[in-house]
Amino acid sequence: MADSSNSRDKILDVAEALFASRGFAGVGLSAVAEQVGLKKSSLFHHFRSKAVLYAEVLGRVVSRIEVSVGPALEPVGSAAERIDRVVDQLIESLAEHPTSARLLLRSLFEDDAPAVVEATGDVRLEERIDALLGRVSAVVSHGIETGEFRAVAIPDLLQTLIGATIFHYASGPFGENLFGAPLFTAEAVERRKREVRSLLQGGLTPLERP
């Protein structure tokens, strides 16, 4: 049982890196099998198709983010403190697994990715992402209602958060050239947390009345 579980995890690790690099259409099961060290036919003992493998890889990424970000959304502290925790935990999760951000970004803009997930019957993925974004929205709404935040357009704020985190860690050589340094060092990760927290805090702070 342990060997089977280890093989499955290794397949998911390899597939995540390949899908993140090449996209769904650019990855064949033969390439996955070769890097794992298995025969292609052996993959079917774990995953019945490439679509199912892709959906499970994406689901694992979403699960990691749920586990990391979920506790940060608990009703402890002010709305601003909770948003700060969300930023920190989301960045921690993306930085710990460098292929996650690019895979997520591809899943958003590649035409075949949503169809693949739908074909597997795992519509829960979209529901889980919507639920997580809904919880973030609820924190912001609460902050607006209490006067802690100004009245912002929440969808715009969510897009800013996604761009500042997921795009940042998916940007690869472009991002490294822009910063002139690697993005995944401990120092760079801590700096990114500070900058994104500051960006959101500045945008959410109520405007002073003249």
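Start by selecting Lys 193: this residue is buried, with a relative accessible area of 6% (buried means under 20% relative accessible area, exposed over 50%, partly exposed in between, using a 1.4 Å probe and protein chains only). You are looking at a predicted model, where local features need pLDDT of at least 70, side-chain atom pairs count only at pLDDT 80 or more, and totals for chains, interfaces and linings use all residues. Residues are numbered from 1 along each chain as its sequence is written, and side-chain values use heavy atoms, with hydrogens and water left out.

Now add Glu 190, which forms a salt bridge with Lys 193, the closest N and O atoms lying 3.1 Å apart (a salt bridge is a side-chain nitrogen of Lys or Arg within 4 Å of a carboxyl oxygen of Asp or Glu). The two are separated by about one helical turn because they sit three residues apart in helix 11 (residues 186-204); helices here are DSSP runs of H or I with at least four residues, numbered from the N terminus. Glu 190 is partly exposed at 37%.

Next, select Glu 66 and Arg 128, another salt bridge, at 2.9 Å between the closest N and O atoms. This pair links distant parts of the chain, Glu 66 in helix 4 and Arg 128 in helix 8 (residues 124-145), 62 residues apart. Both are partly exposed: Glu 66 at 25%, Arg 128 at 24%.

Then go to Arg 60 and Asp 13, whose side chains meet in a salt bridge at 2.8 Å, N to O. Arg 60 is in helix 4 (residues 50-69) and Asp 13 in helix 1 (residues 2-22), 47 residues apart. Add Glu 16 and Arg 64 to see a network of salt bridges linking these four residues.
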